[in-house]
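Subject: Handover of a protein model

Dear colleague,

I am pleased to hand over to you the structure that follows. Please keep it open while you read, as my notes come after it.

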Amino acid sequence: MHEAWLPREHPLHRPRHGRRQLVALICALAFFSAPLSSWLFGARPEQLENRPLAEFPSVTEGLDFFTGLNGWATDHLPFRKGAVQAVNGISRGVFGEPAPLAGGSHSSPVGAGQVDAKPPIDESVFPPVIEGEDGWLYLGHDVSYRCVPSRSTEEVIAGLRAWRKAVESSGREFQLVIAPDKSTVYPEHLPETYPGEDCSVAGREAFWGEVPKATGAIDLRAPLRQTAERNGRPIYHDIDTHWTHEGGATMVYQLAERLSPGITSTWKMAPSRQYSHSADIPDLLGQDRTVPIQAYSLAPDGGADNTQFKPSDFHQPLHLKSSPKPGMITKPVRMVGDSFTQFASPYLAATHTDIAITHPDNVTTNAQATANFLAEGETITFELSERFVAGGRYPLLDPAAAAEAGRVLAAHPVR
């Protein structure tokens, strides 16, 4: 007989659900039903980090269903953003320092699927936001990912070389460009001291001293600073982790010159529209702030503007096609790019007759479809962010990912 069915006075009697168990069950039910209840009453979850809200886990995932509930419930809690703002305000008002918000989170303005391996130590020792001088804000992952890499520099180089070999063996051209962190291009606005300074600086110097040379990656640091000096303004936003449209255009120029030297001689750029863009780093502090965006027109033949502004995060591949004009790249190009490429896509559209862009996450989460996508191109371009490459956080850095795509590319060679 089960002990719950024994008489209450029996020394072995134990109820199935004691008072403490009942309280715990009620609390758990309230926590996990809060998102649904608030939704029924009109409240909607807000995206706090610059990433998609966690999806409800599938019951087919086994035990992962239960572990996935925590992330879903946290993201969909009502009034979460207001709570973050309140905590930050109290910390600053009472203690005179920012609250340690989002400590230990692996969320990132670049993508939710790019954390591949568990780091050896707790990353919560690093702040999610580094408050620099003159109001500049830096993403904490610029530091933590260098200090706590998931792959060694040798493993990163091996992964990138595997992609070059897989692509070039199929008769295609391979281009690799690494978007530098803002802290790399503008270290002068960092605070005098901050957690992880020593290991971060050492990691940055080692990365740029080894990786571009070993992998053939385009080093954009000097071209970006030259563009900024020529225009008389920073090429990264002071409170956003990304570069400006001028940074995106600089990358487009560099890529085009390597595909077809001299092709940019007929290109003509001019300022066009201006608009406001929600800054990503203040979101981590519970703040709503914007940065001004200056967009540009680009005429590859020096005539009419040929840009296309089609917002996309590339999780669904973005296809951009245009009628051929002098000064354009006519070979089909397939590109893997993240949020830095979002500031370049209008100018890629202006200068390519056939280019399509997919997100780095798709390379491993939807490997077969992405391999078929890449096989459509005669040139394959990778734009990857420094923090994720230096930290070894891209799953596509596993040579097995390159080998899997390479089999599809080899089956559809370019001759």
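A residue is called buried when its relative accessible area is under 20%, exposed when that area is over 50%, and partly exposed in between. Phe314 has a relative accessibility of 1%, so this residue counts as buried. Please note that the model is a predicted one.

Phe314 deserves a second look for its backbone. The residue is not a glycine, yet its phi is positive, at about 70 degrees. Its place is the loop between strand E6 (290–299) and strand E7 (318–321). Asp134 is another residue other than glycine with a positive phi, near 60 degrees. Asp134 also sits in a loop, the one between strand E1 (129–131) and strand E2 (137–139). Is Asp134 buried or exposed? Its relative accessibility is 65%, so Asp134 counts as exposed.

Overall picture

The protein has 415 residues, of which 50% count as buried. It contains 15 helices and ten strands. If one takes the contacts between residues at least 6 apart in sequence, 70% of them join residues at least 24 apart.

The nonpolar cores

In soluble globular proteins, nonpolar side chains tend to be buried together. In this model, the largest nonpolar core holds 56 residues, and the members that touch the most others are Tyr186, Tyr236, Trp243 and Met251. Which helix gives the most to this core? That is helix H9 (residues 245–259), with six residues. There is also a second, separate core of 34 residues, and Ile157, Phe373, Tyr394 and Val408 are among its members.

Tyr186 can serve as a starting point for viewing the largest core. Setting aside residues up to four places away in sequence, Tyr186 touches Trp136, Tyr138, Arg225, Ala228, Arg233, Pro234, Ile235 and Tyr236.

Three pairs of helices

The first pair to view is H8 with H9. Helix H8 (residues 221–231) packs against H9 at an angle of about 125 degrees, and the two axes are 10 Å apart. Angles that are not under 35 degrees, over 145 or from 65 to 115 count as oblique, and H8 and H9 are therefore oblique to each other. Their crossing is right-handed. On the H8 side, Pro223, Leu224, Thr227 and Asn231 take part, and they meet Glu246, Gly247, Thr250 and Gln254 of H9. Sorted by class, this contact has two nonpolar, five polar and one charged residues.

The next pair is H5 with H7. The axes of helix H5 (residues 153–168) and helix H7 (residues 197–215) come within 9 Å and cross at roughly 20 degrees. H5 is therefore roughly parallel to H7. This crossing, too, is right-handed. H5 contributes Thr153, Ile157, Leu160, Arg161 and Arg164 to the contact, while H7 contributes Glu210, Val211, Ala214 and Thr215. By class, the contact has four nonpolar, two polar and three charged residues. Ile157 of H5 is also a member of the second core.

The last pair is H13 (367–375) with helix H15 (residues 399–411), whose axes lie 9 Å apart at an angle of about 45 degrees. H13 is therefore oblique to H15. The crossing of H13 and H15 is right-handed. Ala367, Gln368, Ala371, Asn372, Leu374 and Ala375 of H13 meet Glu404, Ala405, Val408 and Leu409 of H15. This contact has seven nonpolar, two polar and one charged residues. Val408 of H15 belongs to the second core as well.

Two residues with distant partners in sequence

Glu378 lies in the loop between helix H13 and strand E10 (379–385). With a relative accessible area of 31%, Glu378 is partly exposed. Glu378 and Gly171 are 207 residues apart along the chain, and their C-alpha atoms are separated by 7.9 Å. Apart from neighbours within four places in sequence, Glu378 is in contact with Arg172, Glu173, Lys331, Pro332 and Val414.

Pro292 is part of strand E6. Its relative accessibility is 68%, so Pro292 counts as exposed. What does Pro292 touch, not counting residues up to four places away in sequence? The residues are His237 and Tyr275. Tyr275 is 17 residues from Pro292 in sequence, and the distance between their C-alpha atoms is 6.0 Å.

Yours sincerely,

A colleague

How values were computed:
Residues numbered from 1 in each chain as written. Predicted model: local features only at pLDDT ≥ 70, side-chain atom pairs only at ≥ 80, totals over all residues. Heavy atoms only, no water. Core = buried A, V, L, I, M, F, W, Y, C linked by side-chain atoms within 4.5 Å. Buried < 20%, exposed > 50% of the residue type's maximum accessible area, 1.4 Å probe, protein only. Helix = DSSP H or I, 4+ residues; strand = E, 2+ residues; numbered from the N terminus. Contact = heavy atoms within 4.5 Å. Axes fitted to C-alpha atoms, helices over the stretch in contact; angles between N-to-C directions. Left-handed = near helix turned anticlockwise from the far one by under 90°. Nonpolar A, V, L, I, M, F, W, Y, C, P; charged D, E, K, R; others polar.
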